[in-house]
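Here is a short tour to read alongside the sequence and the 3D view. Take a look at the fold, then follow the notes below topic by topic.

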Amino acid sequence: MSKEIPNNSPKDNAYIITGPTSGIGRATAFELAKHGTIILVGRNATKLKALEEAMKQKGLKAVSIVCDVSDITSIQEAAKKIIALPFVISGLLNNAGIMQQQATKNAQGWDMTFATNHLGTFALTEALAPHLPDGANVIFIASAIEDPERKPAKIMGMKGGRFISIEASVQGKWKAGGAKLAGIDAYATSKQCILASAMAFARENIRLQFNAVEPGITRGTGLGAEGVNPLVHAIFGRLMSVIPPFSKYASTPEKSAKTITTIMTDKSNKTGVYFDEKAKPMLGSELSRDPKFQDRVVAETRAFLAKEGFRF
Ligand SMILES: NC(=O)c1ccc[n+]([C@@H]2O[C@H](COP(=O)([O-])OP(=O)(O)OC[C@H]3O[C@@H](n4cnc5c(N)ncnc54)[C@H](OP(=O)(O)O)[C@@H]3O)[C@@H](O)[C@H]2O)c1
């Protein structure tokens, strides 16, 4: 049965944001809350409570759901709680993501970066999609690092996604010849897989809109700080800001928040679009644009999650 977004006051609508406790997600929570209640989905209950309070002090509405996006058991429980909330959910922003300098494993023993950025994001979307009203917007925060031809990424010695298969990625195995910088192959591959999935979802599900956003090189967020000495993280951030060719792609959490909010609240039913940091359509890597690759990623991910007992 089809569900439609009622044409009520914006306050009756809610938007889900994963990873709202820092960086781009946090800035977007404040910006998007001008259009409805925000369902804050994060892994840290204390941070979520503090954010919820900060938003309420500004007269914005938010509710918190604790969810570790790297863990399919946690996702399954959180999805049930989200579905039970008394809101019309107009959009889902899949923003939570990590970049690790040293690979770790999740609760199931899978590569933590791949579990967070691809498998968990994919699983949460699959669990929620049937419960979203017609025309709801689902946005994935991607990364241009997935593209081996992307100029700033090339300058930094990044080699794009290094996909072998979903099973190999789960085990933290990447195609040979990747980046020297630790963690980049896992990050680029996970982002390539979720971008490809977003484009496949857009083709197979005409009831909802599925789009992706490259937020630009955004300094001052926690990205890359996972398990890293704060000094190393600060130096990496400074390095990104001083290399001139990057300025064209530079953003801030606040600018990204405005871009994401514009796309999320757009009513023109655009789907299958990959937007840049200025909300203009952009091209992903050749591989991520290939429908055969997109369908393979979706089929292998669904098969893997089903084998592991994830119920859609
Ligand atoms: N910054 C950039 O230049 C850039 C460029 C391209 C794409 N991106 C993408 O933009 C998104 C936001 O990144 P950011 O730069 O804003 O980084 P950030 O400040 O580190 O924010 C990441 C958010 O994700 C949450 N998160 C991480 N792992 C999680 C998990 N297992 N379960 C639930 N939440 C989890 C974090 O929660 P905690 O607060 O608990 O850590 C935090 O709220 C990411 O998907 C990133 O890949 C960023």
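Let's begin inside: cysteine 193 is buried, because its relative accessibility is 0%, below the 20% cut-off. Please keep in mind that this is a predicted model. The chain has eleven helices and nine strands, and 55% of its 312 residues are buried. Among contacts with a separation of 6 or more, 73% join residues that lie 24 or more positions apart.

**Cysteines**

- Cysteine 67 is buried as well, with a relative accessibility of 2%.
- How many disulfides are there? The count is zero, so no pair of cysteine sulfur atoms lies within 2.5 Å.
- For reference, a disulfide is a covalent bond between the sulfur atoms of two cysteines.

**Nonpolar cores**

- The largest nonpolar core holds 56 residues, and those touching the most other members are Ile16, Ile39, Ile82, Phe140, Ile166 and Tyr274.
- Which helix gives the most to this core? Helix H7, spanning residues 184-204, does so with ten residues.
- A separate core is made of 23 residues, including Tyr15, Ile17, Ile24 and Ala33.
- Isoleucine 16 is a good place to zoom in: beyond its neighbours within four places in sequence, isoleucine 16 contacts Ile39, Val41, Ile82, Ile89, Gly91, Leu92, Leu93 and Leu128.
- Two of these partners, Ile39 and Ile82, also appear in the list of core residues that touch the most other members.

**Packing of H7 against H11**

- Helix H7 packs with helix H11 (residues 291-307) at an angle of about 100°, and their axes are 8 Å apart.
- H7 is therefore roughly perpendicular to H11, since angles from 65 to 115 degrees count that way.
- Which residues of H7 meet H11? From H7 come Gln192, Cys193, Ala196, Ser197, Met199, Ala200, Phe201, Arg203 and Glu204.
- On the H11 side, the partners are Pro291, Phe293, Gln294, Asp295, Val297, Val298 and Arg302.
- By type, the contact of H7 with H11 has nine nonpolar, three polar and four charged residues.
- The buried cysteine 193 is one of the H7 residues in this contact.

**Glycine 25 and threonine 261**

- Glycine 25 sits in helix H1, which covers residues 23-32.
- Is glycine 25 buried or exposed? Glycine 25 is buried, because its relative accessible area is 1%.
- Outside its neighbours within four places in sequence, glycine 25 contacts Ile17, Gly19, Pro20 and Asn95.
- Ile17, one of these partners, belongs to the 23-residue core.
- Although glycine 25 and serine 256 are 231 residues apart along the chain, their C-alpha atoms are separated by 9.1 Å.
- Threonine 261 is part of helix H9 and is buried, with 4% relative accessibility.
- Setting aside its neighbours within four places in sequence, threonine 261 contacts Thr28, Glu31, Leu32 and His35.

**Leucine 132 and alanine 50**

- Where is leucine 132? This residue is in the loop between helix H4 (112-128) and strand E5 (137-141).
- Even in that loop, leucine 132 is buried, at 2% relative accessible area.
- The C-alpha atoms of leucine 132 and leucine 92 are 8.9 Å apart, while the two residues are 40 residues apart in sequence.
- Leucine 92 is also one of the contacts of isoleucine 16.
- Alanine 50 belongs to helix H2, residues 45-57, and is partly exposed, with a relative accessibility of 47%.
- Alanine 50 and threonine 21 are 29 residues apart in sequence, with a C-alpha to C-alpha distance of 8.9 Å.

**Positive phi on either side of E9**

- As background, most residues other than glycine have a negative phi.
- Asparagine 269 has a positive phi of about 60°, though it is not a glycine.
- Asparagine 269 is placed in the loop between helix H9 (253-264) and strand E9 (274-275).
- Alanine 279 also has a positive phi, near 65°, and lies in the loop between E9 and helix H10 (286-289).
- Is alanine 279 buried or partly exposed? Alanine 279 is partly exposed, because its relative accessible area is 25%, and partly exposed runs between 20% and 50%.

Methods. Residues are numbered from 1 along each chain as its sequence is written. This is a predicted model: local features need pLDDT of at least 70, side-chain atom pairs count only at pLDDT 80 or more; totals for chains, interfaces and linings use all residues. Side-chain values use heavy atoms; hydrogens and water are left out. Helices (H or I, at least four residues) and strands (E, at least two) are DSSP runs, numbered from the N terminus. Buried means under 20% relative accessible area, exposed over 50%, partly exposed in between (1.4 Å probe, protein chains only). A nonpolar core is a set of buried Ala, Val, Leu, Ile, Met, Phe, Trp, Tyr and Cys residues joined through side-chain atoms within 4.5 Å. Contact means heavy atoms within 4.5 Å. Axes are lines fitted to C-alpha atoms, for helices over the stretch in contact, and angles run from 0 to 180 degrees between N-to-C directions. Angles under 35 degrees count as roughly parallel, over 145 as roughly antiparallel, 65 to 115 as roughly perpendicular and the rest as oblique. Ala, Val, Leu, Ile, Met, Phe, Trp, Tyr, Cys and Pro count as nonpolar, Asp, Glu, Lys and Arg as charged, and the others, Gly among them, as polar.
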